[in-house]
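Reader: Please take one part of this model and go through it closely, with numbers I can check against the coordinates. I would then like to know how that part sits in the rest of the chain.

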Amino acid sequence: MKKLFLVGCPRSGTTWLQIILGSHSEIATRRETHLFDGYMASLYNHWQREVYAPHKDGLRVLLDQAEFDTAIRHFCDVVFAKIAASKPGADYILEKTPGHVLHHHTIRRLYPESRFLHLVRDPRAVVASLLAVKKEPWGSWAPADAFQAARIWRNHVAIGHELARDHAACLELRFEDLVATPDAVLDRLYRWLGLDPVTYDTERFSLCHLKQHQGEGEQSDPAREDRGNFFRHGLVNGWATELTRAQIAVVEGICAELIVELGYAPQQVGVIGYAPTQ
């Protein structure tokens, strides 16, 4: 089966898009695995440290890079086979872990034919969501202030944007476009994947519906969510009332070049590359 990795900055709407795509008969998907940014990252970090170790213990005395990669790929294949088994006969395996954008080099080396879908959202909306998550019982991982949150967005999106710009195997979409014209955006996406388009189901994929039914289904179902307030309002411009002027200025300053390049209009005068209309 073909492999599609849905990546981006956390709290950019990747779960929503995963749920939508998972409804297609040719796409099999389960909850995010953290396969590469968690499990494999630990193994590769240990492997790399052995280069500088003063002793000659470890797997490098037994394996070369190609053999190590093969062993890693065998492990990953087991995970992908489990995802594939959730929808026998599907054409694609969709793995959604936003942080995998930081590990695309490893993924592309192990699976050269894989495709990437990079979902981008206005950094101010992402920062507002990250700060809201910090207040939740399950949000200890989230940044504590706008400065840290904006840097997370910039670091993730810069890598994903470069990947989409330089490789035809990566398609970049904006969350705001998906909200405004879902059928048009999904039609483009499905055709890029070589799949028959499916009409967007407004009721089924509304945040209201997802919230009402988030406790249903199997634990591995992306739509199953036991964390309270995981699905927020999904408003495109909700950040305007959630962030202070100072926080907005911080975000726009840190994300200045990308915010303009990706088509978002800064509020603050003097952001690099942005000339407000007269």
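**Pockets and the rings around them**

Author: The second largest pocket holds about 340 Å³ of space. Its lining is made up of 21 residues, and the ones closest to the pocket centre are Ile 19, Arg 204, Asp 221, Pro 222 and Ala 223. The model is a predicted one, and what follows should be read with that in mind. Three elements, H1, strand E2 (27-29) and helix H9 (207-212), each give at least two residues to the lining of this second largest pocket. Sorted by class, the lining of the second largest pocket has seven nonpolar, eight polar and six charged residues.

The largest pocket comes next, with a volume of about 650 Å³. It is lined by 34 residues; Arg 11, Gly 13, Thr 14, Thr 15 and Phe 230 are the closest to its centre. H1 makes the largest share of this lining, four residues, and H1 and H7 each provide at least two. H1 therefore has a part in the lining of the largest pocket and in that of the second largest. The lining of the largest pocket divides into 12 nonpolar, 13 polar and nine charged residues.

Two of the residues closest to the centre of the largest pocket, Arg 11 and Phe 230, are in contact of a particular kind: Arg 11 lies over the face of Phe 230, at 5.0 Å from the ring centre. Where along the chain is Arg 11 found? Arg 11 belongs to the loop between strand E1 (2-8) and H1. Its relative accessibility is 14%, so Arg 11 counts as buried. The backbone of Arg 11 deserves a check as well: its phi is near 70 degrees, a positive value in a residue other than glycine. Most residues other than glycine have a negative phi. A second case is Asn 229, with a positive phi of about 65 degrees although it is not a glycine. Asn 229 lies in the loop between H9 and helix H10 (239-242).

Now the rings. Over the whole structure, a search gives 10 aromatic pairs. One of them is formed by Trp 16 and Phe 175, edge-to-face, with 5.6 Å centre to centre and 65 degrees between the planes. Trp 16 is in helix H1 (residues 14-22) and Phe 175 in helix H7 (residues 175-180), so this pair ties together parts that are 159 residues apart in sequence. Trp 16 and Phe 175 are buried. Another of the aromatic pairs is that of Tyr 44 and Phe 68, edge-to-face, at 5.3 Å centre to centre with 85 degrees between the planes. This pair links distant parts of the chain, with Tyr 44 in helix H2 (residues 35-49) and Phe 68 in helix H3 (residues 65-85), 24 residues apart. Tyr 44 and Phe 68 are buried too.

Phe 175 has a further partner: the charged end of Arg 121 sits over its ring, 4.1 Å from the centre. Elsewhere, ring pairs join Phe 5, Phe 36, Phe 80, Tyr 111 and Phe 116 into a cluster.

As for the chain as a whole, its secondary structure comes to 12 helices and five strands. The radius of gyration is 20 Å, close to the 19 Å that the globule rule gives for 278 residues, so the chain is as compact as a globular protein of that length. Along the principal axes, the C-alpha atoms fill a box of roughly 65 × 45 × 40 Å. Of the 278 residues, 47% count as buried.

Two single residues can serve as examples of burial and exposure. Tyr 264, in the segment after helix H12 (256-261), has 6% relative accessibility and so counts as buried. The C-alpha atoms of Tyr 264 and Pro 123 are separated by 8.9 Å, with these positions 141 residues apart along the chain. His 105, by contrast, is found in helix H4 (residues 104-110) and is exposed, with a relative accessible area of 55%. The C-alpha atoms of His 105 and Leu 163, 58 residues apart along the chain, are 9.8 Å from each other.

Technical notes
Residues numbered from 1 in each chain as written. Predicted model: local features only at pLDDT ≥ 70, side-chain atom pairs only at ≥ 80, totals over all residues. Heavy atoms only, no water. Phe/Tyr/Trp six-rings, centres within 6.5 Å; stacked < 30°, edge-to-face > 60°. Buried < 20%, exposed > 50% of the residue type's maximum accessible area, 1.4 Å probe, protein only. Lys NZ or Arg CZ within 6 Å of the ring centre and 35° of its normal. 1 Å grid on protein atoms, 1.4 Å probe; cavity = no way out; pocket = protein on both sides within 12 Å on 5 of 7 lines; lining within 4 Å. Points joined across faces, edges and corners; volume = space filled by probe spheres on them. Nonpolar A, V, L, I, M, F, W, Y, C, P; charged D, E, K, R; others polar. Rg over C-alpha atoms; globule rule 2.2 N^0.38 Å.
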